[in-house]
Each structure stands twice: as C-alpha cells, then as structure tokens.
Amino acid sequence: MIRGGPHAAGRPYAASRHTTELAHAYRECKRIAAEHGRTYFLATRLLSAERRPAVHALYAFARMVDDIVDHAETDVAQHYPGDTRERELPEHGPAGELDLIEKQLRIALELGVPDQGAAGPQEVWQSSAPTARDRTPRSMILLAVADTIHRYDIGAQHFWTFLDSMRMDVPGTAHFRDRYATMIELRRYMTGSAAAIGLQVLPILGTVCPIAEAEPPAAALGEAFQLTNFLRDVAEDLDRGRVYLPTDELAAFGVDHNLLMHCRHTRRTDPRVRRALAHLIAINRDIYRNAEPGIDLLEPRVRPAIRTAAVLYANILDRIEAADYAIFSHRAVVPRHHRLRVAARHFAAATRRGA
C-alpha cells in the first residue's frame, strides 16, 4: 500500500477551463527539462506518465531560479524576453527577481489552483501582470509548479527554503556567500539548494512507509547530486567568483583560492588539487551510500528512475577520475550511450521483479 500522506499518488489532472493553460505550462517545463537536464530528463522517462509533468515542473522552477542567480541582468532578459514587467521594477536585479518569484508563487498558492474551480494561478497573472497573456516561460513555469504543489500536497516551505539558499548566491543580499569554510557550512547551504529539492520530489514519487521516514535519505540524495555538480563545475564557478568546495578541506591538501585560479588559467590540475578532489569525491560517494537505502522506501514503480539518476550522477565522479581530474580543461559528461544502457538495465531489472 502506498503511504506518505493522502495525496502521495497525486490528484488527477482534472479537466477544467484552465486545462489548455496548464497543458501549455507543463509542455514548457518538459521542454526545459529535456534541453538542460539530460541525465535528469532520461531518469524521468522511467516514471509513469502521470508523474512526469510534475517532476518536469520542479526541474524547470529550479532551473529558472538558477539562471537568474547565475547570469547577469542582460542574460536574464535574454532568457525571459517577454517578462518585461519584472525588468521594469525598481528592485530589478537577481535579488529582486527572486523576491518577485516568491511573491508570485505565494499569491498563486493562496488563491488556489485550477482544478479546485477557484481563482487559479492564471488569474494571478491576468490580474497583476499585463504581459501574462504572452505565455512567458516564467508565468508558465509558475503556473505548472503551483499546480504541482497543490496536486501532490508538497510542503510550500521547501520552496521558500530553496529560494533562501539561492539568495546566498546573490551579491548584496544579507546572506551572500561566495565560499564556505567547512563542510558543515556548505551543507547548510545545500539544505536549501539540494535537500529541499529531494523533499519537493518525494510526495510525487510516493513511499511505502510514512513519508517522514523517507525524508532523510531523500534529502541526502539531493545533497549527493549537488556536491557532484560542485566537483564537476569548479572551473565554471570560479568564473563566477564562487568556490563551493570547503576551504578547510582544500587547505588540508595545500589548496587555496590562488592555486585554483592558477589551475583555471593554465587549464591544468595541480597535484595538490588532484588529491583534494580525490578526497572530496570519497566524501561525495559516502553521501550516495547513505542515501541509497532510501530508494527502497519509495513506491516500487519509481525506484528504477531514482536508481538510474543516482547511478548516472555518481558516474560523473567516475568520469572526473578517469580524466585524471582534468576539471579545468573540460566538463565531465556521462556519454549518452552509457546513460541509455544504465536506464535500460534498471528498467529491465524492475520489470523482472514485477515492480
């Protein structure tokens, strides 16, 4: 029996006067997931059809926020060319963009969602945003994610926690950080940037136990994915003035910011950096091991998708090692043929077990 709350399996995608808007919104989220999250999108293909739109919506929301944080004002305008209302606000800038997104999502959740027959998110855009009828990517993402939160009874606090962590990436905000002294400090950041994502997804997946029991490993898996990203993207993060690897862990191997910048400029990995990366990869793999038992707490039909995602993300660490930690000269990528093979193997194993 599926447990984990009265809506663990999700409410049906009921027909309503908003069906067209919602369908368009979820299609936009699917497009974003397919374009930007190759490993993530492949794993979702193993989910049942009714679960995929919700997962795509969560991915698109996180991606939208990441893009705002990671790019300058002109880049934000290029990503969301129709969203002129936001760019005209006096508080414009990444911090203002995040505040606006939180405000819009809170309003959407307060007013209700389409299949309740009440004023839904689309009314929010039509009453408060003159450009809403343009069906901008942002308005569509917010429409889909508000519907997803309602449909699966996801705790809205996970979205506010996520946005708070994203504000830590924005210069000028009260909690801005461009580096982290210890793993404890970094994990505080990942509570919002990664663990909260795992907790958002959990109600969509469903569990075979009370959902609270599955939350710690779900949060750990989110952290494992995030740390893998940090290890893979050291060079890109340096270009943005950020270091997401704990400075005390790096210092133990004689690595500081100047050495990392030297490696970035020369595109060569210093032996001290190589040893530090090997150490942090071992820590990352330990987080994966702690998260792995939680997969068996999920509803059987979704386990192949999550195992696939976990294996493929961990494979990024293998690729970093296989390239002799050359993270400053190229980005570690799991080849498409390998991703397909792993997905097929887990799906076949689940089929044999009758999941």
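## A first look at an all-helix model

Let's start in a loop: aspartate 153 sits between helices H8 and H9. This is a predicted model, in which local features need pLDDT of at least 70, side-chain atom pairs count only at pLDDT 80 or more, and totals for chains, interfaces and linings use all residues. Residues are numbered from 1 along each chain as its sequence is written, and side-chain values use heavy atoms, with hydrogens and water left out.

Aspartate 153 has a positive phi of about 55°, although it is not a glycine. A second aspartate, number 324, is likewise not a glycine and has a positive phi, of about 60°. Its place is the loop between helix H16 (303-322) and helix H17 (336-353). How much of each one is open to solvent? Aspartate 153 counts as partly exposed because its relative accessibility is 46%, and aspartate 324 counts as partly exposed because its value is 42%. As for the cut-offs, buried means under 20% relative accessible area, exposed means over 50%, and partly exposed is in between (1.4 Å probe, protein chains only).

Now for the whole protein. It has 17 helices and 0 strands; these are DSSP runs numbered from the N terminus, with helices (H or I) of at least four residues and strands (E) of at least two. Of the 355 residues, 53% are buried. The accessible surface comes to about 15,700 Å², and carbon and sulfur atoms own 53% of that; such areas come from the Shrake-Rupley method with a 1.4 Å probe, and for residues only the protein chains shown count as cover. Among contacts with a separation of 6 or more, 73% join residues 24 or more positions apart, where contact means heavy atoms within 4.5 Å.

Back to H9, just after that opening loop. H9 is mostly covered, with 8 of its 11 residues buried. The buried ones are His158, Phe159, Trp160, Phe162, Leu163, Ser165, Met166 and Arg167. What covers them? The cover for the buried residues of H9 includes helix H3 (52-70), helix H6 (94-111), helix H8 (137-151) and H10.

The pairing with H10 can be followed in detail. The axes of H9 (residues 157-167) and H10 (residues 183-205) come within 8 Å and cross at roughly 150°. That makes H9 roughly antiparallel to H10, a label for angles over 145 degrees (under 35 is roughly parallel, 65 to 115 roughly perpendicular, the rest oblique). From H9, the residues that meet H10 are His158, Phe159, Thr161, Phe162, Ser165 and Met166. Their partners in H10 include Arg188, Tyr189, Gly192, Ala196 and Leu199. The residues of this contact divide into 7 nonpolar, 7 polar and 1 charged.

Two more residues are worth a look, and both are in helices.

| Residue | Helix | Relative accessibility |
|---|---|---|
| Tyrosine 26 | H1 (residues 19-36) | 8%, buried |
| Glutamate 223 | H11 (residues 211-232) | 10%, buried |

Where does each one lead? Tyrosine 26 and alanine 60 are 34 residues apart in sequence, and their C-alpha atoms are 9.5 Å apart in space. Glutamate 223, leaving aside its neighbours within four places in sequence, is in contact with Arg187, Met190, Ala194, Ala195 and Ile287.

How values were computed:
Axes fitted to C-alpha atoms, helices over the stretch in contact; angles between N-to-C directions. Nonpolar A, V, L, I, M, F, W, Y, C, P; charged D, E, K, R; others polar.
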